[in-house]
Every structure is written in structure tokens, then in C-alpha cells.
Amino acid sequence: MKKDVEVYLKEKRIFSPSKELVENSNVKKWMDKQNIKDYDALLKKSQDIEWFWGEVAKDLISIGDYEKVLDWKLPYAKWFTGAKYNIVQDALDRHKDSDKIAYIFEGEPGEVENTTYKQLYGEVCKLANALKELGVKKGERVGIYLPMIVQLPVAMLACAKIGAIHSVVFSGFSAKAFQDRMIDCEAKVVITCDSFYRNGKTVPLKKQTDEALEKVDCVEKVIVYQRTKEEVSWNKNKDLWWHDFVEKQEMECETEKTDANDTLFFLYTSGTTGKPKGIIHAHAGYALGISLTLKWVFDLKENDVWWCAADIGWITGHSYIVYAPLILGVTSLMYEGAPVCPQPDRWWELIAKHKVSVLYTSPTAIRLFTRYGEEYPQKHDLSSLRLLGSVGEPINPEAWMWYYKYIGNEKCQIMDTWWQTETGSHVIAPLPITDLKPGSATKPLPGFSAAIFNEKGKEVENGGGNLVLLKPWPGMLRGIYKEPERYQKTYWDQFKNVYSAGDIARQDKDGYFWIQGRSDDVLSVAGHRVGNSEIESALVSHPSVAEAAVIGKPHPIKGESITAYVIVKKGIKLNDALKEELRNHVAEEIGKIVKPQEVLFVSDLPKTRSGKIMRRIIKAKALGEEVGDLSTLANPEAVEEIGNAK
Ligand code: WTA
């Protein structure tokens, strides 16, 4: 039996929302309508989940008649049973005559192009008709391998419109990763482009597609969008140019009347072990979960310019660049390129130029910007911003403070949202009415219930352990494609009748959740189990440090001893005195038990392409073990550096 996880870092700062934010917030308006007096009352009342989700659905999705809000047969939930519902009704069809801008697109080279809802509708219909002409039927799979250009949402919506299932693969993934996923989902058609701009260069996506599909029999046709006009090789029997084949299609296409619980998409998640899991999401529950959370957490209004700076290849982009903003009818900024291209202030320039009002990004991006320093954001007028968000990893309190101070100018609340590919939408996150504590995602949202379980499956009220979700929620996954046993085992077997998120977290005395990372990222030092991210946050709270990763090495006495890999801020001198200072700093911040044995300086840390630090690989390299497949890494060269770090 594993011991329970202990908690050391204590964060005391509290940031309350302004009265103005609270009073004008979407959630407050709903509470007033329902006669709910405060946050606590809202959380409590919403625990009647069937009432709550049925009630909020009325304002958000055109669900029509249904039998039951929820049909829960563990471990499978169905929402709005008996209803006919296609997410495209709300994301696209209802805005078909609107001249409002859906996407402001800026390419990496700098060109700007606006797409209105009406234009988006026409583009989607053309592609939907093209897919139909290729014989794609309801329930069949279409693989999408496209970069951050407007044709990516168009492709997803076109599939949904005809009831086909899309399986988007992040354009930064290799040909091999794309191939594995296309084989697994048995795609009939693939949609890709010639190449795209990234970091001042072009990435040859068509070439990668050709390589990937060489040995894939199921894919009959490939639709190729021309992004850069670079030359590509052509297979006459298989390849079709978007500008020929799609452009000539009709600009009207009827939306397939799918069942509310029909599959909308698969999205593969590559965990730390095993083959990627094809996570299944369905139309109606997902539509409701994402639209409510976007409307309440980020409080989006008619005139906002929303920028979710993730890639659509991840769940964050599926939910909060494509479907939810379109359901709410807001204007989104979409940027094709790299964050520091051509200069470290590209993002701040984009915000000032397009008057972005709400920005949603990741701790890894924020830490990258802290490395370059605050002089870059300070060159630009960021006063259009009114709210900020974070997702993907625990945000270290000092990175939070930097974001708050230099990006939000101390006037924007930071919405730290905890969720997963599997959850579809935010689960633990603040609302505009919530007091914030830097580093905490605060509390489960209305309609969600989370808890911390110890290793025996007993609820821990004030301490650390395994994060579980107690009740079903609308955006929850509907299984793993073709692997029902793995679905049961991964999420439902650890504790009886509850969903195991695979993360460790703690809850403080105010009921706030502090996520400490994946449960396989826990150190065991002298009989204590400590989350890596706590020690990393302590390191990042030192003024010289931009990023850190810690791992445990086997130790004959303590169980594990701690090695810290540290990236310092620009201009900081590397020497033994700083190493000693950092070791002592951790001891002071958290305790002597977790004082790192070694501190090593590096210029980069191995990360997944979505920016998560790969501790498993760092550890294998540090211990001289086989590092395994590096194809899912954004920067495989960083692994070498780990081996040579001093
Ligand atoms: C981590 C991303 C701390 C967590 C939406 C989770 C977070 C995994 C946070 C899911 C957060 C995500 N604070 N950790 N705010 N958000 N995580 O599937 O470990 O790419 O289980 O979904 O990211 O990653 P995924």
C-alpha cells in the first residue's frame, strides 16, 4: 500500500474579484434569475445535477425534446436521451446569416484575414458536400492533419455536419504518430495542406502525410488545402486539391440529424505509457459542458475578442477555439505561428493590435515569457485585456504572479482551469465571483463534484491524495475507441464507482483544490510522498529561475534523492553558489526533507508538444536507462542535454 501524499507549500495570497466584475458577470445574472444568493449556495444547489444541467441547457443549446437529462449506467453516461441533436446546429447553422466575425486569423508571416459566421457557414457546407461526394457516411471517420488555419475548424465542422467522426492529429506530430492514429481510427478520408509556417520556416505536411499513408489501406482520398503554394508530390488516384474539388461545391448542405449521444469526434491522448487512447466525445453533452464553462468561467460577452492560444490539435483547442466560442457566437483570434517569432513580443503585439479582451494560455508559455523578461510585454498596450486564463499544468504561484502583474496589469483575474481530454470541459476552475489563490484552480464548477481520495479510497478533506470525480458530467468521455476494458481499468477500477483522474491534488481548509501533477510524478523521499510540482514551484519562486523539473533517483537510505534541472532567467550567472542557494531555498520554502541533492543547469527541458514537462524521460536519461520513443516530444534534443547536464 502506498503512503498518502504530503503537502508542504503554503500559499497565503488572496485576490478577490472587483465588484464590477462580479455584478456584470454572466454567472451572477443566472444566479439572480434563479434566486441563488451566493457562490456557496450556487455550488450546493447545482449538486442536483439533473436539475442543474437541464436548466442551463435551455439558454445554451437547442436540444429540443428529450426523455431524460441523464442516463447513468456506470461507467457510461448518456445525456439528453432520445433527443436528436447535432452540435453544428448551434455552432454554425444558427449564425448562418450573421456578419459578425467568427475568426480573426493572423498567419505567422503577418497577413490578417477575417472570416464572418456567414462565410464560415458557406465554407463548411462546401467541404461537407465534398465529403459526401467522396462517399463519407454518418459514423465514418475522417482524419484531419492541419495547422492553425481557419480550414481546420471548417474541416471539423464539415465532418460534424454530415454526422461523420473527425479525428484531428496535431500538425506538430510526426508522420509515424499520424499513421498510427489513422490506422487505429480507420479513416476513410484525410484532410491536410501542402505546408505551413512555423518559426520562420515551413513544415512540409503533405510530405509527412504521404509518408504516413504509404502503408495505410483504409484512406481512400486526401483533400489538400494550399497554404504556402510550395511544391508537393501528387498521387492522381488519391489526392484532391481543396481549391478544385471543394471550391466548386454548393454553399448549402443539410445538417445530419444525429442522435444527441452519437459520437462527434475521437481525440488521441498519449499518456506517459502505452499506445495512445482514442478518447470518444459525443454531440449534446459535450456541447453543453463546453458552452456553459466558457460562458461562465471566461464570462464572454457580445463584444469580447477571445484568444485561446492553444493548438486545435489538443482538447483545449477543440473545445475552446472551435466548438464553444462558435456556440456562444463570439469573435476569436487565431494565430498560426510560434509565440516568439520573429521576436519575443509577438503575442503582446497581437493582443494590442486585435484588442484581445480575454487570453487563455498555458503555464509553459508563461514561463517561456518570464525567461525573456517583462520588458517585452511592457512595450505594448495590453489594456484591452480584462480576464486571463491558464490550463495544462499546475501554474507555479510565481509564474501566476508574473502573469497577473505584467500581462494583466494587476486588474485581470486569472482563471486557472483544471481539466483533461477526457473531461471535455473545465471541471475545477474559478468563476468571476471566486476569490483566487495563486496556484489553485479553486473549486469544482457548479454541476461538478470532485474529491481527494487516499490510497484506501477514503475521502481526505484537508490534505493530499488522488483526485477523483464523484458524479458524471455532460462533457465526459464516452469511452476509448475499441478498448472498453482499458476504459474501465484506466478510470474506474482504482476506486469503486468514481472517476480517477490520475492526478494528485490536495484540498485546503477552504475547500480549494491544489493540483500537484500526475500521480506517476510523485517522489518518495525518506518515507514521504511529495508531488514533483511542489518542489518545482519552490524553485520557480526563486528570482533567478524560469523553469524547473525535478526527478527522484534511487537512494539507499531515503528511497529517493532529488535532482533538480533548472533553467535560469536571461543574464543570470551559473555557478556553484547559485546551486547551493537554490537547494537552501527549497529547504526553506518546503522543508529540509525535500532539499535537492543536486541542482543541474540546462537550457531546455524535454516537453510534450503540448508543453508538459516529460519527467519520465528526464528520469530515464538521468539514470542511464532506455529513454524509449521520443517522437511525441517537441524538443528531443533537450534529452541529450539532460545526459550532459552539470
Ligand atoms: C494537467 C488539458 C494543473 C493534469 C486540458 C491533467 C493541469 C492533464 C491543469 C490533462 C491545471 C491540466 N492545473 N494541472 N489547471 N490543467 N492539467 O488531456 O495533469 O492535455 O490530468 O488536457 O493536464 O491534460 P490534457
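1. At what angle do the axes of helix 2 and helix 4 cross, and within what distance do they come? In this predicted model, the two axes cross at roughly 115° and come within 13 Å. Angles of 65 to 115 degrees count as roughly perpendicular, and helix 2 and helix 4 are therefore described as roughly perpendicular to each other. Their crossing is right-handed.

2. The contact between these helices joins Trp30, Lys33 and Gln34 of helix 2 to Trp51, Phe52, Glu55, Val56 and Asp59 of helix 4. By class, its residues comprise four nonpolar, one polar and three charged.

3. Helix 2 spans residues 26–34, and its buried residues are Asn26, Val27, Lys28, Trp30, Met31 and Gln34. Trp30 and Gln34 thus appear both in the buried set and in the contact with helix 4. The cover over the buried residues of helix 2 includes helix 1 (19–23), helix 3 (39–45), helix 4 (49–60) and helix 11 (283–297). After helix 2 comes Asn35, which has a positive phi, near 60°.

4. A second helix pair is formed by helix 6 (residues 117–133) and helix 7 (residues 151–161), whose axes come within 8 Å and cross at roughly 60°. Helix 6 and helix 7 are therefore oblique to each other, and their crossing is right-handed.

5. On the helix 6 side, the contact is made by Leu120, Tyr121, Glu123, Val124, Cys125, Leu127, Ala128 and Leu131. Helix 7 contributes Val154, Ala155, Leu157, Ala158, Cys159 and Lys161. This contact of helix 6 with helix 7 has 12 nonpolar and two charged residues, with no polar ones.

Note on methods:
Residues numbered from 1 in each chain as written. Predicted model: local features only at pLDDT ≥ 70, side-chain atom pairs only at ≥ 80, totals over all residues. Heavy atoms only, no water. Buried < 20%, exposed > 50% of the residue type's maximum accessible area, 1.4 Å probe, protein only. Helix = DSSP H or I, 4+ residues; strand = E, 2+ residues; numbered from the N terminus. Contact = heavy atoms within 4.5 Å. Axes fitted to C-alpha atoms, helices over the stretch in contact; angles between N-to-C directions. Parallel < 35°, antiparallel > 145°, perpendicular 65-115°, else oblique. Left-handed = near helix turned anticlockwise from the far one by under 90°. Nonpolar A, V, L, I, M, F, W, Y, C, P; charged D, E, K, R; others polar.
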